[in-house]
Every structure is written in C-alpha cells, then in structure tokens.
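Reader: I would like a close look at a single part of this model, followed outward to whatever surrounds it. Could you take me through it in one connected account?

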Amino acid sequence: MHPIDLAVVVAYVALITYVGIRFAQRVKTAKDFFLAGRSLTWWVIGLSIIGTNVDTNGYIGASGNAYSIGIAQANFEWIGAIPAMIIAALIFIPLYWRAGVYSIPEYLGLRYNQAVRVVAASIVVTVSVFAMGVAMWALAITLQTFIGWPIWLGILVSGTVVGLYSVAGGLGAVAITDSIQVCIMFLCGLIIVGIGISDAGGSANFVAKLTAENPTHLQAYLPSDHESYPWHAVILGLGLVLSPAYWVGGQAILQRTLGAKTQWDASAGMMFAAVAKTFVPVLIVFPGLLALVMMAQIEYPDMALPWVIKNVLPVGISGLMFVAIIAALQSSIDSSINSTALIITRDIRHVLMKNHNPDSDLKIGRLLTLGLLLSAMCIAPYIGNLGGIFNFLQSLLSLFQGPMLALLLLGAMTKRATGTAGIITLVSGVMLAGILSWGVELNMLFVAFFTFCYAVPALWIISGFTKPHSDEHLRKLTYSPWSSSDPNKQSAA
Amino acid sequence: MDLPVVWANYISIGLFLALGIGVWSIPKSAIVPEEYAGEAWRDLRWWATGLILLQIALYTFFR
C-alpha cells in the first residue's frame, strides 16, 4: 500500500475512534446506550441505516454479482428495498414508536405474548452472532488482501477499533460514526463513477462498450429460467416477503429509528435512507460494470471491486476507497453488536429473569457488547474453514422471515391475531421453511414466499379459535389511522 | 412465468403505482404532527411520491 493511502487509512481510524469516544461522555443510562437517549435526528438516522445495511456482501459481493449479471443486481436496492422502506416509514415505525418499545421482539411480546418475544429474540441473536463472525472475517480478509496483514492481526485491530466506540458510546456513537462512514462511501462511489466514465470516453461509450458483449447487462430483470435470480422469484420472494421482513422487522436497522428525538424524525430518517438507497447501486453495482468495460483480467467476479481500486483509482483515492470498504464492514458489525446486546438484555434477560434489576441494564449492555465482540473475534478465524457459511446464513434468514413478516403484518394491521396463534404460527412456519429448504431444496426466495403464504392464513384461522387481547390493549399496538378515535395521530413531542 | 422479461418491469411499475395510491390514502394527520402542519416539506407522502416516481423512471429505463 502506498504511504499516502496508508496515511488516509490511519487518519480515518483516528477520526472514527475520536468521534466515538467523545460521544461516550453522553452515555449515562441504558436508554442513552441502547437508544442514544432518543436524540437522533432524521438525517443521522437515514445515513446510519444505510451504513448498517451495506455490508460485506453488499460491497464486494454485489460488485462481483454486477460483473456477472449486470444491473439486475440493483433489484436488491430498488424493488427489493424501496417499497418496504416506505411502508416501514409510514406505518410500522410510527407504530413501534408509539408503543414505546426498545426492540421488535418487545413489540411482538406486547402484541402477542412473551413466548413469541423470546422465540423471536432467540432467533435474531443466534443469526446475529454468526453474522458478526462472518463480517469480522470478511474485514480481516480485506485487510489481508490490501495491506498484507495476517488474519489474526486484522481481527484484533478492527475488533479493537469497533469495540472502543461501540462499548463506550452505544447507539449514539454507532449512529454518528455510521453517518461519517456512509459519507465516505458515497464520496468514493462518485469518484469511481467520474473516473470510470471519463476513462471509457463518456457515458455513451461506456454503455456501448458494456452492452457490446453483454447485451442483457442493462436489463433490470433476468429470464424466468435463470438459476439464481429468475424475475418472478425476485418480485415474489425478495420484493414481497424478504425485503418487507428485513425493513419492518430488522432490529439492527430499526433500532436507530427507535432512538429518534421525535416520531417524525424516525419516519423521515427511514424515508431519507430510502432516497440514499436508490443511489447505492452507484457504490456497489457500478464498479462491477466498470471492471467489465475495462476488460479486467480477474479470476472470479468478486475480484471486480479490488481490481477497480488497484487499477483505476489514483493514489490517495484508493486509500479512501479502502477506507470505505472497512467503513461498510465496521458499520454493520457495530450495529449488530449493539442491537444484539439490547435484545439479550431486555428481550431475553428481562423476560426469563423475573427478579432482574433494570438499573443494571447499562452495565450489562456494555458487558454484553464486549462479550459479543470478543465472540465474533473468536469465531471469525474459523469462518473461512466452514465454507459457504454466508450462503448458509442467507438460507437461515429465509427460514423465519416469512412467518415473522406474517406476525408483524397481521399484528399491526388487524386486531384479530392472538398470542397463542402467534407462537403456533411462528414455530410451525419455521419448521415448514426447514422442510422446504433442506427436504425439497427449494430456492430460498421461494421458501420465504411460500412460508409467508402459509403463515398468513394459519395465523388468521388459528386466531379465530383463540382468545384475543382487549381492544384497549391493542389500541396503540395496531395501525388504524382511518378510525374516528385516531390513536395514530402524530405529535412532535 | 413464460411472459417476456419486460413484463417484470411492467409488474414492478404497477406495484409502485399501487404503493403510491396506498401512500396517499393515509390521512395527513397520521404523517405530519400538528405542530408542523404548515410546513409542506414535512409531509412524508411527498417524499414517498418522489421516491416512487424515481423508481418508475429506473424500471422504465432499464428494460
């Protein structure tokens, strides 16, 4: 690595650490730690959401996918995100905010029962611990590829940097550092677009060169017989199930909206994130297309982005781009750690330990954050040996996204769904997903879609035979802006 | 599922139009706090409309 690039990386690490530790001085209570004292403004929330969302797969993997399949990769940012983000902003976030909850499992606990809360929390924690290990490993691999650090050193340094501000500053530090990281990511993305199009001789030449040998690379959808991303699976599985489940039920994503200073800031934050999300393909899809246009000699598609950084960007900017990748990974790891610590502290500990002391939440939250970070650092070196674990994680996610979305949708939009029906549907839906995934070996997008199709009528029918909560209890937990006594009416306070 | 691929674009555009109708069916009181009622930019239904139009443009262009 060139000394100027190295200086850029060192300056970045120093800046992030300084900002994070400065923010730590504001943390006095568990609410400060987990919800930033409900002080976040809409633009910080929006940038932080994008920082949390764009991870290893989103950066290096998506560039590689774009190299292979073209602009169709952008569906994960468009049809596979924007509708769900709008629905989350206008319907679900106001609902969670009014319910006064710290987490999505806590909302499910209020809406259904504590069994649903603990099961949902346990699923999220299990997946998160593995996901953090994968992210930490990917970060170490990136450091090894670019600056030749051994894996253990990459894990130690990145874990220490993330730990310094996450353990000390909680959600506030995470959100502020995420915002800085996203600005760096977009700056680098725009520079790549500028240099890439200039090197190709203008945008018309860029398009001509790209489509000359890859005529479908500017088509948003792939044929229905495509092995991985047939268009109907993308619309049904990704657009209608996986994406809404992620954006209306993803704790790491939604936690910063629960830390908003007003309900409007929470919704506007998600809407601002959707605006930014529309342009994320500039960061993660364009480099893959650029590598094609420049006829990069690479062994496999995932090398597209590293090739662009090494061969297209000038000294200093390549260091900044390297920083952007580290930033993407760090912002995902810190968010996962903070949200997982919150879920263990409140949704598992508070429910299972009846004699808990809420005053110790801050101390326990910090200890858990440290413990989760150390767990991820310990798991990370072994992730490479497991092979295909990232795909395994994606499949694991698809197991419960369908039933979880059904619970959230019917729970929020109707008063019919009951607690008993909720736990039966959640458990049976996950079991059905397991059969479809490993027994029938169905595409994970279809697994999500079919389990959602099962869970909605199952929850509806079983609820008819079981006792619902009272109307008064459900008043603030269901969305009904059209009723005469409108509990959804907004207040800025 | 034997429809031409371009139908996926049409379906996406149709879904975004339906979403737009859904967005405008939500009363303003559920979106904008009374304190901000005079500030049009705080009406998130307009933000959503801009986003939806942008998405329709993208799916019209990349087909």
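Author: In this predicted model, a good place to begin is Ile253(A), which, once the neighbours within four places in sequence are left aside, is in contact with Ile49(A), Thr52(A), Asn53(A), Tyr246(A), Trp247(A) and Met270(A). Ile253(A) is found in helix H11 of chain A, which covers residues 251–258, and it counts as buried because its relative accessibility is 1%, where the cut-off for buried is under 20%. The C-alpha atom of Ile253(A) is separated by 8.4 Å from that of Ser48(A), although the two residues are 205 residues apart along the chain.

From this residue one can turn to the division of the chain, for chain A is divided into domain 1, residues 3–389, and domain 2, residues 399–493. The C-alpha centres of these two domains of chain A lie 26 Å apart, and 40 residues of domain 1 are in contact with 42 residues of domain 2. Between them the two domains of chain A bury an area of about 3300 Å², of which 72% is given by carbon and sulfur atoms. On the side of domain 1 of chain A, the residues that lose the most area to domain 2 are Arg98(A), Arg111(A) and Tyr112(A), which together account for 23% of what that side buries.

As for the polar side of this interface, the rule finds zero salt bridges between domain 1 and domain 2 of chain A, whereas it does find 10 residue pairs in polar contact, with both residues at pLDDT 80 or more. Several helices of chain A each supply at least two residues of the side of domain 1 that touches domain 2, namely H5 (82–99), H6 (104–111), H7 (114–147), H10 (231–249) and H12 (263–278). The largest share of that side, 14 residues, comes from H10(A), and by class the side of domain 1 of chain A that touches domain 2 has 30 nonpolar, seven polar and three charged residues.

Two further places in chain A deserve a look for their burial. Helix H14 of chain A, residues 286–293, is largely enclosed by the rest of the structure, because eight of its eight residues are buried; among them are Phe286(A), Pro287(A), Leu289(A) and Val293(A). After H14(A) comes Met295(A), whose phi is positive, near 50°. The other place is Thr451(A), in helix H20 of chain A, residues 444–463, which counts as buried because its relative accessibility is 0%. Not counting residues up to four places away in sequence, Thr451(A) touches Gly402(A), Pro403(A), Gly429(A), Leu432(A), Ala433(A) and Leu436(A).

The account ends at the second chain, where 35 residues of chain B are in contact with 40 residues of chain A. Chain B and chain A bury about 3400 Å² between them, with 76% of it on carbon and sulfur atoms. Across this interface of chain B and chain A the rule finds zero salt bridges, but six residue pairs are in polar contact, both residues being at pLDDT 80 or more. Helix H1 (6–24) and helix H2 (44–61) of chain B each supply at least two residues of the side that touches chain A, and the largest share of that side, nine residues, comes from H2(B). By class, the side of chain B that touches chain A has 26 nonpolar, five polar and four charged residues.

How values were computed: Residues are numbered from 1 along each chain as its sequence is written. Chains are lettered from A and ligands numbered from 1 in the order in which they are written. This is a predicted model: local features need pLDDT of at least 70, side-chain atom pairs count only at pLDDT 80 or more; totals for chains, interfaces and linings use all residues. Side-chain values use heavy atoms; hydrogens and water are left out. Helices (H or I, at least four residues) and strands (E, at least two) are DSSP runs, numbered from the N terminus. Buried means under 20% relative accessible area, exposed over 50%, partly exposed in between (1.4 Å probe, protein chains only). Contact means heavy atoms within 4.5 Å. Domain bounds come from an automatic or database domain assignment. Buried area is the accessible area (1.4 Å probe) that two parts lose on being put together, summed over both. A salt bridge is a side-chain nitrogen of Lys or Arg within 4 Å of a carboxyl oxygen of Asp or Glu. A polar contact is a pair of N or O atoms within 3.5 Å; within protein, one must be able to donate a hydrogen and the other to accept it, and residues adjacent in sequence count only if both atoms are side-chain atoms. Ala, Val, Leu, Ile, Met, Phe, Trp, Tyr, Cys and Pro count as nonpolar, Asp, Glu, Lys and Arg as charged, and the others, Gly among them, as polar.
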